[in-house]
Amino acid sequence: MSQIMPSEPELRSNRAEEIAALEADARLREDIRLLGRILGDTVRDQEGAEVFDIVERIRQTSVRFHRDEDRLARRELENILDGLSTAETVRIVRAFSYFSHLANIAEDQNNIRQMRGLPRDDGLARTLTHAREAGIGAGQLRDFLAGALISPVLTAHPTEVRRKSTIDREMEIAALLDRRERMKLTAAEFEASEEQLRREVLTLWQTNLLRRTKLTVLDEVANGLSFYDYTFLREVPRLHCALEDRLQTEDTAGAELASFLRMGSWIGGDRDGNPFVTADVMRGTLHLQSSRILRFYLEELHALGAELSIAAHLADVSDELRGLAERSHDPSPHRKGEPYRLAVSGIYARLAATAAKLEVETSRRPVVEAGPYATAQEFKADLDILDRSLIANNSRVIARGRLRLLRRAADCFGFHLARLDIRQNSAVHERTVAELIDAAMPGTSYMALGEDARIALLTAELRSTRPLVSSFVKYSDETLGELAVFRVAAQAHATFGIDVIPQCIISMCQGVSDMLEVAVLLKEVGLVDPSGRSAINIVPLFETIGDLQACAAIMDRLLSLHDYRRLVDSRGAVQEVMLGYSDSNKDGGFVTSGWELYKAEIGLVEVFERHHVRLRLFHGRGGSVGRGGGPSYDAILAQPGGAVQGQIRITEQGEIISSKYSNAEVGRSNLEILAAATLEASLLQPKRSAPRREYLDAMEQLSALAFRAYRNLVYETEGFVDYFWASTVITEISTLNIGSRPASRKKTRAIEDLRAIPWVFSWAQCRLMLPGWYGFGSAVEAWMAEHPDQGMPFLQELYREWPFFRTLLSNMDMVLAKSSIAIASRYAELVPDAGLRERIFGRIRREWHLAIETLLDIMGHERLLQGNALLERSIRNRFPYLDPLNHVQVELLKEHRRQAGAETADEQVLRGIQLTINGISAGLRNSG
């Protein structure tokens, strides 16, 4: 058989890519060496030559072990680490942790460098090219985007272990590396640049890696707002403007693209399991958000006024611009004859008055007094007058500068900045409604009613014009707190408009009554009225495996209810449904969670089509694969046909927020990825892209087998809870001040009550990553035994042909590559019961080997990450610096637990453990 050889141009292209990759690797190694050398010098200067020498011995020995798999080197490494005092250990841990942080900076800069070298038709531009090739014109794309919604939603889920102060220093180091890369520096400038790097690394070394105090919710809000400064305030408008330019045609000249990218937030509105999110905190959150955007607008207006020095006798202006200038009543003789500056002065005065009305402090007083804007739309309307005048008088190029971006920002952010969701557990809503109804209707006993009776009572209550709440009844603190939150939401709507809080999300939604209870509570504050109008979307969150399996039937019944359907129709016949990735994974394992989410989407699409209601899915994805994380583009494209209808919301959590959005260039790229994938999935994939029946049947069987294996280990094996708490850092993670929310829903050790974040975080620290793969190997082994006629070739076909299955395995590939069974075995030694230890870890070890073996066979690879060279190199380079941290963590855990309860417990031991958690998290990058 003859072999088809690549053409000469293809060979040249491949060689060029290989050369570019080698050059990029060389520059990455150069940056890592530079930062490593500076860190080493810092350690020597600050801690002494002896500590530096120990660090170097550990580093070189660990590198030798990983490079040559030298067992003598491993034993030597262990001897060095075991011979350290506690004080020495803490210093060593700090050095290795900081190296991981600095290596991350170098890698990020390398990724940016490579991103800049990509062809111009990559990403969003490539998707637009595909659309054109498919016969979709610019006008159709504009119409599509007019009804589109793409919303990244920032949450405060505590997986970011770095302090804001640490992140700030790291960003300074990144900026210095970027400047060295982009600019041709003189010898003196180069020397000054290195001194600046040394200054920043030294400051970083002298900055606490760990928070000394617990974060408050408003601290979390402030941290979240910093990403608006880094990325969103400027890049969201720029993305819209760039796309608008790409879709400009002769027929649409001057027509503006609808703003489809809207930022969302849970920070300060997510009450599920967080007792610290109160009505006052939510009010404070809205104030902080409004303050940030109003100050931004005022800063931009001040700069715009300085730029628009256009004289009336040198350029014509429109009558409406002249009128706006006159209404400013700016008496300054310096601006006389400069109508644009006069107009900006008046806009500034009105915006400053708006800020004062909202109790926002500003740094600069306006030159005249004016009345506040009633809405952000009024503010934008004044900016539009400037725009129209400039364009009408042959100054379009000026209009396309700062003014254009400010106008777009006003449209995207309003006076509220981000759309804040409010979220609470269905059980809390249930107790609140029960208390209100039982007080208003003595003898009812709401909690004793069945589902049908509840639905009948609640729908009748929705039609009723009388309030449930009485000023003569003394309610519980919980009920008063819930009512207060809803009243703040109603006040926010009156102040900022309906976009400020557009969603009320119900965690652990398990029935129709859970939805109707919230509708009744919203009616009490005027956000729902008896005529069937709602000012807010009521959103169910389906989280467990059972809830995902039931969600289509629940939504079918709900949309069949006349009283609820009226609410949906009042919201434009759009119903949002949120799917929980984290809790479904903890409940049923990685394989079953992914499959049940996929099936739930298919079921929801069918139900919503039958009811003629538009479905908007909100994906509650975590940072790690064990919590539904992974590449966003692949995840969106792997959705079943019809699941992405131009509208999608996705949570962004913890360390993923900073990795995606702390750099403007990277942030813009990630926003474009969301837009490109949404366009691709909505317009370029067939509406009915369901895979073949035999694919679905095979996946159903694999899921059932994986579910059985996972549940058997985690929930049915006697002693597993004891094994988990003993072999991981779950107890010590709770001592880190990385979030305001408790680690567990209840004060128990049960896995059911544990939140998904510490569950995944703990397995990542001991390098097992169990939630991201357990059950897969057993499932494949059992399936192949049951289907010898199909076997491995069929599974390989599944991988090649089905994006869902391919994405599932790709994410597992990444997780397993970061795991280490040898290191995990050290953590297993922490379990005092030898029989329990061997029984459970033996099963885990067998499943780990089986998962890797079956994964590689299906993918047709010889090693993990064979198809992702960049990530493979990154992980390979990190292991020599991660392994010593893991070894030290185990030894410190032994000592910490030995000292438990003792009056003379050494605080340095716990601090050392906390530092290792920080360093390992930095090395893994997506541990929670």
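**Figure 1. Surroundings of H101 in the predicted model.** Leaving aside residues up to four places away in sequence, H101 touches R162, E170, L209, N918 and A922, and the model in which these contacts are found is a predicted one. H101 belongs to helix 4, which spans residues 86–116. Because its relative accessibility is 1%, H101 counts as buried, the cut-off for that class being under 20%. A further residue, T748, helps to place H101 within the chain: the two are 647 residues apart in sequence, and their C-alpha atoms are separated by 35 Å.

**Figure 2. The open sheet and its edges.** Nine strands form an open sheet with parallel pairing, and their order across the sheet is 3-2-1-11-10-9-8-5-4. Strand 3 (419–420) and strand 4 (422–425) stand at the edges, and since each has a single partner strand, one side of each is left without a neighbour in the sheet. For strand 4 that partner is strand 5 (residues 503–507), and the two pair in the parallel sense over four bridges; within this pairing, I422 stands opposite C504 of strand 5. Helix 20 (residues 545–560) packs on the sheet, where it touches strand 8 (537–542) and strand 9, and the direction of helix 20 makes about 145° with that of strand 8.

**Figure 3. Strand 10 between strand 9 and strand 11.** In the order of the sheet, strand 10 lies between strand 11 and strand 9. Strand 9 (residues 574–580) and strand 10 run parallel and pair over seven bridges, and one of the bridge partnerships joins Q575 to L615 of strand 10. Towards strand 11 (residues 647–653), which also runs parallel to strand 10, the pairing consists of three bridges, and here F618 stands opposite R649 of strand 11. How far is strand 10 enclosed by the rest of the structure? Six of the seven residues of strand 10 (residues 614–620) are buried, so this strand is largely enclosed.

**Figure 4. The contact of helix 31 with helix 32.** The axes of helix 31 (residues 776–786) and helix 32 (residues 791–801) come within 9 Å of each other and cross at roughly 125°. The two helices are therefore oblique to each other, an angle of this size falling outside the ranges for roughly perpendicular, 65 to 115 degrees, and roughly antiparallel, over 145. Helix 31 contributes V780, W783 and M784 to the contact, and helix 32 contributes G791, M792, F794 and L795. Of the residues in this contact of helix 31 with helix 32, six are nonpolar, one is polar and none is charged.

**Figure 5. Aromatic pairs in helix 9 and helix 23.** The structure holds 29 aromatic pairs, and two of them are described here. A pair of aromatic rings is described by the distance of the centres and the angle of the planes. Y228 and F232 form an edge-to-face pair, with 5.1 Å from centre to centre and 65° between the planes. W595 and Y598, by contrast, form a stacked pair, for which the corresponding values are 5.7 Å and 15°. Y228 and F232 both lie in helix 9 (residues 217–246), four residues apart, or about one turn of the helix, and both are buried. W595 and Y598 both lie in helix 23 (residues 590–611), where they are three residues apart, again about one turn of the helix, and both of these residues are buried as well. Ring pairs also link W595 and Y598 into a cluster with Y695, W783, F794, W802 and F804; W783 and F794 in this cluster also take part in the contact of helix 31 with helix 32.

**Figure 6. Helix 28 and the helices around its buried residues.** Helix 28 (residues 720–727) is mostly covered, with six of its eight residues buried. The buried residues are F720, Y723, F724, W725, A726 and S727. These buried residues pack against helix 27 (693–714), helix 29 (730–733), helix 30 (756–765), helix 34 (821–828), helix 35 (834–859) and helix 36 (869–898).

**Figure 7. G401 in the loop between helix 14 and helix 15.** G401 is found in the loop that lies between helix 14 (396–399) and helix 15 (402–413). With a relative accessibility of 26%, G401 counts as partly exposed. G401 and L830 are 429 residues apart in sequence, and the distance between them in space is 62 Å, C-alpha to C-alpha.

Conventions:
Residues numbered from 1 in each chain as written. Predicted model: local features only at pLDDT ≥ 70, side-chain atom pairs only at ≥ 80, totals over all residues. Heavy atoms only, no water. Buried < 20%, exposed > 50% of the residue type's maximum accessible area, 1.4 Å probe, protein only. Contact = heavy atoms within 4.5 Å. Pairing = 2+ DSSP bridges. Axes fitted to C-alpha atoms, helices over the stretch in contact; angles between N-to-C directions. Parallel < 35°, antiparallel > 145°, perpendicular 65-115°, else oblique. Nonpolar A, V, L, I, M, F, W, Y, C, P; charged D, E, K, R; others polar. Phe/Tyr/Trp six-rings, centres within 6.5 Å; stacked < 30°, edge-to-face > 60°.
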